Amino acid sequence: MKKNTAIIALLLAVVLVVSFSACKGSENNPSNSPSSSQNPDQTGKSPTTTTTITPRPTIDPSAIDQETPENPMIMSIDSAEAKVGEKITLTVSLDNSAKWTWCSFEFTINFDPAKLKMISATTTDLTKDMYAAINPNYAEGKGKIVCAAGNELTGDGAICTIEFEALATGTSDITLTDALMFRFVTSGEATTTMPIKLTIVNSKITIG
């Protein structure tokens with residue numbers, strides 16, 4: 001257990017460094033981003049904010065879990081309808097996952113910032129004991145969600161809920177990108193993590 005906890009803590013730490021570097025943070029408080037720096041403006045105007053983007057690591061396709069069944073794990077998100085000013089809660093769920101265990105997941109949720117504002121993201125009964133990091137980038141319509149556990153989990157169901165506010169009429173696609181699931185793999189005395197193949201099901205929100 002201590003070995004698994006140390007490995008997943010390291011995995012989460014690496015992912016968080018990438019996640020925080022890739023997101024500017026809240027538009028209301030951009031200086032909170034770990035990769036942001038303030039540049040003095042000699043004209044007396046408010047200082048500008050610059051952000052250094054660290055590229056996310058690339059997963060080698062040959063390292064993807066080859067033991068995954070032909071029918072891969074499915075990660076999906078709800079569709080919804082709403083009126084301007086209303087709040088909408090979408091659920092990210094796993095299906096076809098009961099055949100194996102998993103220990104962490106991450107994804108970026110993308111939406112139209114002219115039509116939606118991301119308010120919050122929370123874990124569920126299935127993932128409530130996981131270490132969670134949620135980094136919304138309001139201006140660009142993205143939210144990075146990372147969750148990791150020190151033990152193995154299993155089972156289908158909701159893994160995350162995301163709340164939006166409807167800002168304007170129209171339709172916003174809701175897509176999950178950079179989605180990854182990991183499981184523990186033990187070989188002799190060594191324990192590491194292995195990516196699991198995923199099928200992603202995206203959605204949309206229609207605002208009337």
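**Figure 1. Leu 90 meets its bridge partner, Ile 162, in strand β10.** This close-up comes from a predicted model. Leu 90 and Ile 162 are a handy place to start reading the pairing of two strands, because you can put one finger on each residue and follow the strands from there, bearing in mind that two strands are called paired if at least two bridges are found between them. Here β5 covers residues 87–95 and β10 covers residues 157–166. The two strands pair over eight bridges. Their sense is antiparallel.

**Figure 2. Five strands line up in an open sheet.** Let us step back from β5 and β10 to meet their neighbours. Reading across the sheet, the order is β7-β10-β5-β3-β13. The pairing in this sheet is mixed. Which strands stand at the edges? They are β7, with residues 116–122, and β13, with residues 198–201. Each of these two has a single partner strand, so one side of each is left without a neighbour in the sheet. From one strand to the next, the twist averages 20°.

**Figure 3. Strands β8 and β9 form a hairpin.** Strand β8 runs over residues 131–137 and strand β9 over residues 142–153. Seven bridges join the two, and they run antiparallel. If you would like one pair to look for, try Asn 135, whose bridge partner in β9 is Lys 144. How many residues lie between the strands of this hairpin? There are four. Gly 141 in the hairpin takes a positive phi near 70°. Keep Lys 144 in mind, as this residue returns in Figure 5 with Glu 106 as its salt-bridge partner.

**Figure 4. Trp 102, Phe 105 and Phe 107 gather in one aromatic cluster.** Take the rings two at a time. Trp 102 and Phe 105 sit edge-to-face, with their centres 6.3 Å apart and 65° between the planes. That angle earns the name because planes over 60 degrees apart count as edge-to-face. Phe 105 also pairs with Phe 107, and this pair is stacked. Here the distance is 6.2 Å centre to centre, with 10° between the planes. Are these residues buried or exposed? Trp 102 is buried, with a relative accessible area of 0%. Phe 105 is buried too, at 1%, and Phe 107 is buried at 0%. The count of aromatic pairs comes to three.

**Figure 5. Glu 106 and Lys 144 form a salt bridge.** The closest N and O atoms of this pair are 2.8 Å apart. Glu 106 belongs to strand β6 and Lys 144 to strand β9, so the pair ties together parts that are 38 residues apart in sequence. Glu 106 counts as buried, at 5% relative accessibility. Lys 144 is buried as well, with a relative accessible area of 5%.

**Figure 6. Asp 112 and Lys 115 form another salt bridge.** A search of the whole structure finds two salt bridges. In the pair shown here, the closest N and O atoms are 3.1 Å apart. What about the surroundings of each partner? Asp 112 is partly exposed, with a relative accessible area of 24%. Lys 115, at 18% relative accessibility, counts as buried.

**Figure 7. Asn 96 and Asp 178 each take a positive phi.** Each is a residue other than glycine. Where does Asn 96 lie? Its place is the loop between β5 and β6, the latter being residues 102–110. Phi of Asn 96 is near 60°. Asn 96 is partly exposed, with a relative accessible area of 24%. Asp 178, in turn, is found in strand β11, which covers residues 170–187. Phi of Asp 178 is near 50°. At 38% relative accessibility, Asp 178 counts as partly exposed.

**Figure 8. Two stretches, residues 13–43 and residues 45–57, have a pLDDT below 50.** For the chain, the mean pLDDT is 76, and 66% of the residues reach 70 or more. Residues 13–43 have 56 contacts in the model beyond near neighbours in sequence. For residues 45–57, the count of such contacts is 31. How should you look at views like this one? Where pLDDT is low, the predicted coordinates should not be read in detail.

Methods
Residues numbered from 1 in each chain as written. Predicted model: local features only at pLDDT ≥ 70, side-chain atom pairs only at ≥ 80, totals over all residues. Heavy atoms only, no water. Axes fitted to C-alpha atoms, helices over the stretch in contact; angles between N-to-C directions. Phe/Tyr/Trp six-rings, centres within 6.5 Å; stacked < 30°, edge-to-face > 60°. Buried < 20%, exposed > 50% of the residue type's maximum accessible area, 1.4 Å probe, protein only. pLDDT = per-residue confidence, 0-100. Contact = heavy atoms within 4.5 Å. Salt bridge = Lys/Arg side-chain N within 4 Å of Asp/Glu carboxyl O.
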